Amino acid sequence: MPPKKLFRNKSLLSVCLFLLGGGWLSLGFPGPAKESAATVSPSNPTIAPAPEATDNTAITTRDRSLFEQNLPSGFPLPEASDWVAQRLLKEHGAVFVAQDSVVHMPSVIFAHAEDCAHWQAQVSTRREKIGNIPVELQTEAMKALLAARQEAAQKNLRITPRGTWAARRSYRDTEKIWSRRVLPGLAHWQQRGKLSAQEAARIRGLETSSQIKEILLLEAQGLYFSKHFSKSVLSSASPPGASQHIAMLALDINEHSQPTVRAILARHGWFQTVISDLPHFTYLGTTQERLPALGLKKTVKHDRVYWTPA
Ligand SMILES: [Zn+2]
């Protein structure tokens with residue numbers, strides 16, 4: 001869809017600004033909070049001291065948030081105009097500062113199934129059958145999971161995968177999961193008289209990247225696409241090509257409501273990083289104490305701790 005049509009009126013434009021949320025502040029736009037964050041290097045050996053602002057390069061380095069400084073070397077930050085990728089990095093991006101010897105996805109989102117499959121094929125993974133369900137994760141993530149399961153077993157607790165899509169997902173899997181949210185959502189909002197049949201059909205027919213934008217724009221107007229149409233689709237699904245499950249560093253579990261299980265997982269480098277995605281855990285490969293130094297901030301919601309890009 002051409003940008004002109006996308007911003008066809010002022011309210012849509014403001015919706016887009018709303019969608020960006022605090023993203024612009026932390027993703028490349030100067031601000032006092034970031035300057036102070038970028039200068040707390042002495043306690044963090046991976047962060048270079050803030051250079052003098054003598055040229056443009058120095059200014060860019062200084063203005064990067066702590067989270068951005070901890071992204072993999074050469075990681076392409078989304079363009080300022082790409083608010084979808086910016087929002088995904090903000091809400092699902094904790095995985096990109098995972099430590100240990102994990103391999104990172106080359107960008108926030110894979111545009112094509114082939115690129116995604118090619119990347120996945122090059123990553124070292126380990127497969128295990130857990131409770132009859134095949135689970136595939138990056139090798140380090142699987143080792144940590146098995147150690148966590150062992151610790152849980154000593155306390156008579158279990159950590160089990162939630163269905164066959166609990167760990168690794170292909171691009172096609174993420175497409176299917178996205179459709180399972182978007183199609184019922186469009187039908188629901190049409191039924192409620194919030195969308196015309198024509199508009200719903202038009203959005204159904206859009207190619208993926210345009211459809212993602214349209215769905216997030218509708219959500220900014222209160223038309224949500226989560227399972228019960230009450231919150232953002234991003235709280236329980238990723239757009240095609242963008243999932244932490246594609247990175248093979250995420251696992252959905254059945255026992256997520258048990259605080260002891262969450263504490264065990266955290267001790268082994270597994271944390272909750274997508275706010276309100278209750279079964280979802282992400283391998284960050286480090287200790288909880290180290291997470292703030294990676295530019296992640298702690299949010300406590302309904303007694304759960306989530307770590308997301310600050
Ligand atoms: Zn998940």
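Analyst: A contact is a pair of residues with heavy atoms within 4.5 Å. Residues 24 or more positions apart account for 63% of the contacts in the chain with a separation of 6 or more. This is a predicted model, in which local features need pLDDT of at least 70, side-chain atom pairs count only at pLDDT 80 or more, and totals for chains, interfaces and linings use all residues. Residues are numbered from 1 along each chain as its sequence is written, and side-chain values use heavy atoms, with hydrogens and water left out.

User: What is the mean pLDDT of the chain, and how many of its residues reach 70 or more?

Analyst: The mean is 85, and 80% of the residues reach 70 or more. The scale runs from 0 to 100 and gives the predictor's confidence in each residue.

User: Where does pLDDT stay under 50?

Analyst: Over residues 1-59. The model has 80 contacts beyond four places in sequence for that stretch. Where pLDDT is low, predicted coordinates should not be read in detail.

User: How many helices and strands does the chain have?

Analyst: It has 13 helices and 7 strands. These are DSSP runs numbered from the N terminus: H or I of at least four residues for a helix, E of at least two for a strand.

User: What share of the chain counts as buried?

Analyst: Of 310 residues, 48% do. Buried means under 20% relative accessible area, exposed means over 50%, and partly exposed lies in between (1.4 Å probe, protein chains only). The accessible surface of the chain is about 15,000 Å², with 53% of it on carbon and sulfur atoms.

User: What makes the pair E136 and R127 a salt bridge?

Analyst: The rule asks for a side-chain nitrogen of Lys or Arg within 4 Å of a carboxyl oxygen of Asp or Glu. E136 and R127 have N to O at 3.4 Å, so the pair qualifies. The whole structure has 11 salt bridges.

User: Why is E136 called buried, and what is R127 called?

Analyst: E136 has 11% relative accessibility, which is under 20%, so it counts as buried. R127 has 64%, which is over 50%, so it is exposed.

User: How do you know that R172 and E175 are separated by about one helical turn?

Analyst: Both sit in helix α10 (residues 171-191), 3 residues apart, which means about one helical turn. Their side chains meet in a salt bridge at 3.0 Å, N to O.

User: Why are R172 and E175 called partly exposed?

Analyst: R172 has a relative accessible area of 43%. E175 has 23%. Partly exposed lies between the 20% and 50% limits, so both names fit.

User: Which residue forms a salt bridge with E214?

Analyst: R202 does, with the closest N and O atoms 3.1 Å apart. The pair links distant parts of the chain: E214 lies in helix α12 (residues 208-220) and R202 in helix α11 (residues 197-204), 12 residues apart. E214 is buried at 7%. R202 is partly exposed at 25%. Elsewhere, salt bridges that share partners join R127, E136 and R168 into one network.

User: What is the volume of the largest pocket, and which residues lie nearest its centre?

Analyst: The volume is about 840 Å³. The lining has 32 residues, and R162, R181, S236, D277 and P279 lie nearest the centre. Helix α10 gives 3 residues, the largest share of the lining.

User: Which residues line the largest cavity?

Analyst: L88, H92, V95, F96, M105, V108, A242, S243 and Q244. That cavity holds about 60 Å³ of space. On a 1 Å grid over the protein atoms alone, a cavity is a set of points where a 1.4 Å probe fits but cannot get out; a pocket is an open set with protein on both sides within 12 Å along at least five of seven lines; lining residues have an atom within 4 Å of a point. Points join across faces, edges and corners, and a volume is the space filled by probe spheres set on them.

User: Why does V261 count as buried?

Analyst: V261 has 0% relative accessibility, which is under 20%, so buried is the right word. V261 lies in helix α13. Beyond its neighbours within four places in sequence, V261 is in contact with L157, R158, I159, I253 and E255. The C-alpha atoms of V261 and A152 are 6.9 Å apart, with their positions 109 residues apart along the chain.

User: What do the buried residues of α13 pack against?

Analyst: They pack against α9 (139-154), β4 (270-271), β5 (280-283) and β7. The buried residues of α13 (residues 259-267) are V261, R262, I264, L265 and A266. G269 follows α13, with a positive phi near 90°.

Conventions:
Accessible areas come from the Shrake-Rupley method with a 1.4 Å probe; for residues, only the protein chains shown count as cover.
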